[in-house]
Amino acid sequence: MTLDGKLASRTGVSQWISCEASRAIVHELRGRMDAILVGSGTVLADDPRLTARPPGRRAATRIVLDCRGRIPTECLLTQTARELPVLVVTTDRSAPEWRHSLEQHGVELLVQPTEPGAEFRAGVEGHASVDPARLLRDLRTRGMTNLLVEGGAGVLGSFHDANLIDEFHCFIAPKLLGGAGAPSPIGGIGRESPQSPFEHVVVRQTGSDVYVQAWVPR
C-alpha cells in the first residue's frame, strides 16, 4: 500500500505500488502456501495469475471468492486451470450456466448456501456472500493449512472482522495517491478503537519500501 494507506488509485490503478524487492518477497510467500485467495473484484481489476515466480516448494491452489458469478472464462486463472488448480467459491445465487462454463475449463467449484448474515460489505451493503469461517473449515478437510489472503479490501475485511487472520504482511511504499474513493487495505466493519491486536511485530526495509510483519496471538 502507499504511504497514505491506499491499495490502488480512485481509477483502480495499482501497478506498481510496491517495489521489485517487495514483490519478490510476495512470490516467496506464495511458494510456501497451500492456497492463495482473492475476491472476484481483484480478478476483474488485475487479471492475476496468482503464481509464485520462480516456483516455490509448493504449487498453491488459486482460490477466488465469487458469490455472484462475475469472473469471465477468459481470465488468466480460468485459462490456466488445467496447469495449476483453481477453486472458485461461490453461492447458490450464481448462474448454473456460469458454473458449468468454468468447470468446462477445468475449474473446481465449491458452492455454499447463501447466508445473509455473512457479508463482505465490499461496497455493496447487505449483499449475502461467502462465509469465511465455513470456507476455512472446507479447506481444512482438503488438507490445507497455509492460506495466503491477498485481497482485495472486502475479502480482507471479512476475514479481519471474523478474527480469522493469524499473520499480517504489509508493504508500505513511499508513494501518495489520496482520494476518498481510493481503496484502503481492509474493508468490512472494522474495529471501534486502534488497540493493537499483535503479540509480535517486525519492521524492516525492503528496497524502497517498509515491510511490517505482525502476528496475532492464538
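**Exercise 1. Which residues of the largest nonpolar core touch the most other members?**

Before we start: this is a predicted model, where local features need pLDDT of at least 70, side-chain atom pairs count only at pLDDT 80 or more, and totals for chains, interfaces and linings use all residues. Numbering runs from 1 along each chain as its sequence is written, and side-chain values use heavy atoms, with hydrogens and water left out.

Step 1. A nonpolar core is a set of buried Ala, Val, Leu, Ile, Met, Phe, Trp, Tyr and Cys residues joined through side-chain atoms within 4.5 Å; buried means under 20% relative accessible area with a 1.4 Å probe, protein chains only.

Step 2. The core has 22 residues, and the ones you want are Val 43, Val 64, Ile 71, Leu 77, Val 88, Leu 102 and Val 107. Two or more residues each come from α1 (20–30), β1 (35–39), β3 (86–91) and α4 (96–104), as DSSP runs numbered from the N terminus (helices H or I, at least four residues; strands E, at least two).

Step 3. Another core of 17 residues lies apart from it, including Phe 168 and Val 216.

**Exercise 2. Work out how well helix α6 is covered.**

Step 1. Of the 9 residues in α6 (153–161), 8 are buried.

Step 2. Among them are Val 155, Leu 156, Phe 159 and His 160.

Step 3. Just after α6, look at Asn 163: its phi is positive, about 55 degrees.

**Exercise 3. Find the empty space and say what lines it.**

Step 1. On a 1 Å grid over the protein atoms alone, a cavity is a set of points where a 1.4 Å probe fits but cannot get out; a pocket is an open set with protein on both sides within 12 Å along at least five of seven lines, and lining residues have an atom within 4 Å of a point.

Step 2. There is 1 cavity of 30 Å³ or more, and the largest cavity takes up about 40 Å³. Its lining includes Phe 159, His 160, Asn 163 and Phe 168.

Step 3. The second largest pocket holds about 260 Å³. His 160 and Phe 168 line this pocket too, along with Met 1, Arg 191 and others. At least two lining residues each come from β8 (167–172) and β10 (209–215).

**Exercise 4. Decide where to trust the coordinates.**

Step 1. The average pLDDT (the predictor's confidence in each residue, from 0 to 100) is 90, and 94% of the residues score at least 70.

Step 2. Residues 118–128 fall below 50. Where pLDDT is low, don't read the predicted coordinates in detail.

Definitions and conventions:
Points joined across faces, edges and corners; volume = space filled by probe spheres on them. Buried < 20%, exposed > 50% of the residue type's maximum accessible area, 1.4 Å probe, protein only. Contact = heavy atoms within 4.5 Å.
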